[in-house]
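Student: I'd like a close look at one helix-helix contact in this model. Could you walk me through how the two helices sit against each other, and then put that in the context of the chain?

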Amino acid sequence: MIQPHRNRRQLPAPGAAAIAAQAPGGPMARCCPIVELRQYTLHAGMRETLIALFERDFLTTQADVGIEVIGQFRDLDDPNRFVWMRGFPDMAARATALGAFYGGPAWKAGAKAANATMIDSDNVLLLHPLGADGGFDRARAAPKRPGLVVVEIRYLDRASLPAFCAFYAATMAPRMAAAGATPLAAFVTEDSPNSFPRLPIRENATVLVSILGFSGAAAHRAYQAALAAGPDWREVAGDPLLAQFMRKPEILRLEPAARSRLRG
């Protein structure tokens with residue numbers, strides 16, 4: 001379950017009106033119409049420093065201005081990568097919220113320390129849900145243990161995106177679930193112009209992003225083995241989509257940080 005952030009003193013969640021509008025059953029029962037998937041490359045040994053700073057200073061303060069921090073993670077395959085996701089109701093709200101946060105006191109106080117941990121923060125994909133049920137389900141019961149969150153990023157030709165999405169929804173997603181994945185969300189590239197140019201995004205990438213949950217690394221390995229034992233996606237998709245499988249997906253195996261709302 002994705003729930004509002006509370007600080008360690010359990011103060012009431014900020015942005016009550018915005019959060020109420022996004023409650024299960026409300027107009028935004030699924031999170032979120034606009035999502036940023038952010039991958040940061042860090043200086044060696046600085047990830048724990050950034051996570052501590054992020055979770056202490058940048059969770060409730062982003063919620064205060066209408067930003068929904070979905071989750072923050074350690075990349076298990078790169079000790080110098082920090083991955084996180086945040087969501088917005090729409091592109092105009094994104095611009096307003098980011099302007100308020102990056103012009104506000106929390107970022108001004110913490111920016112120097114946060115930036116000192118980073119080599120690069122521009123690896124950002126701007127996304128929207130694949131279909132009406134593609135976003136994160138706020139009503140999903142939170143697992144008792146953090147588990148493993150796996151992000152599969154498939155790079156596609158822009159012209160083939162509609163056909164690939166149809167194949168993914170009809171064939172790939174059901175088979176992935178049958179192989180043991182818990183589908184958490186699916187997103188595709190958002191084509192709108194960057195509404196907050198101060199923060200770059202990867203504007204030339206066309207992607208389909210699957211976000212999957214597992215109890216742990218062993219469950220993920222079993223999932224991969226189950227998929228490998230079945231027919232190759234290229235065989236099933238046939239010639240029209242063959243070229244879309246020539247590039248292997250980018251796989252992120254993510255360990256949720258202590259205060260991450262999204263867990264496997």
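Tutor: Here's the helix pair, followed by the chain around it. Keep in mind that this is a predicted model. The pair to look at is α2, covering residues 47–57, and α5, covering residues 105–115. Their axes lie 11 Å apart, and the packing angle is about 175°. Since angles over 145 degrees count as roughly antiparallel, that makes α2 roughly antiparallel to α5.

Now for who touches whom. On the α2 side, the contact is made by Leu50, Leu53 and Asp57. From α5 come Ala106, Gly110, Ala113 and Ala114. Sorted by class, that gives five nonpolar residues, one polar and one charged. The charged one is Asp57, with Gly110 counted as polar.

As for the setting, the protein chain has eight helices and 10 strands. It runs to 264 residues, and 48% of them are buried. If you take the contacts between residues at least 6 apart in sequence, 82% join residues at least 24 apart. The accessible surface of the chain comes to about 12100 Å², with 56% of that belonging to carbon and sulfur atoms.

One backbone detail away from the helix pair is also worth a look if you're setting up a calculation. Cysteine 31 and cysteine 32 are joined by a cis peptide bond, with omega at about 0°. Cysteine 32 sits in the loop between β1 (30–31) and β2 (34–42).

Note on methods. Residues numbered from 1 in each chain as written. Predicted model: local features only at pLDDT ≥ 70, side-chain atom pairs only at ≥ 80, totals over all residues. Heavy atoms only, no water. Axes fitted to C-alpha atoms, helices over the stretch in contact; angles between N-to-C directions. Helix = DSSP H or I, 4+ residues; strand = E, 2+ residues; numbered from the N terminus. Parallel < 35°, antiparallel > 145°, perpendicular 65-115°, else oblique. Contact = heavy atoms within 4.5 Å. Buried < 20%, exposed > 50% of the residue type's maximum accessible area, 1.4 Å probe, protein only. Areas by Shrake-Rupley, 256 points an atom, 1.4 Å probe, with all protein chains shown as cover.
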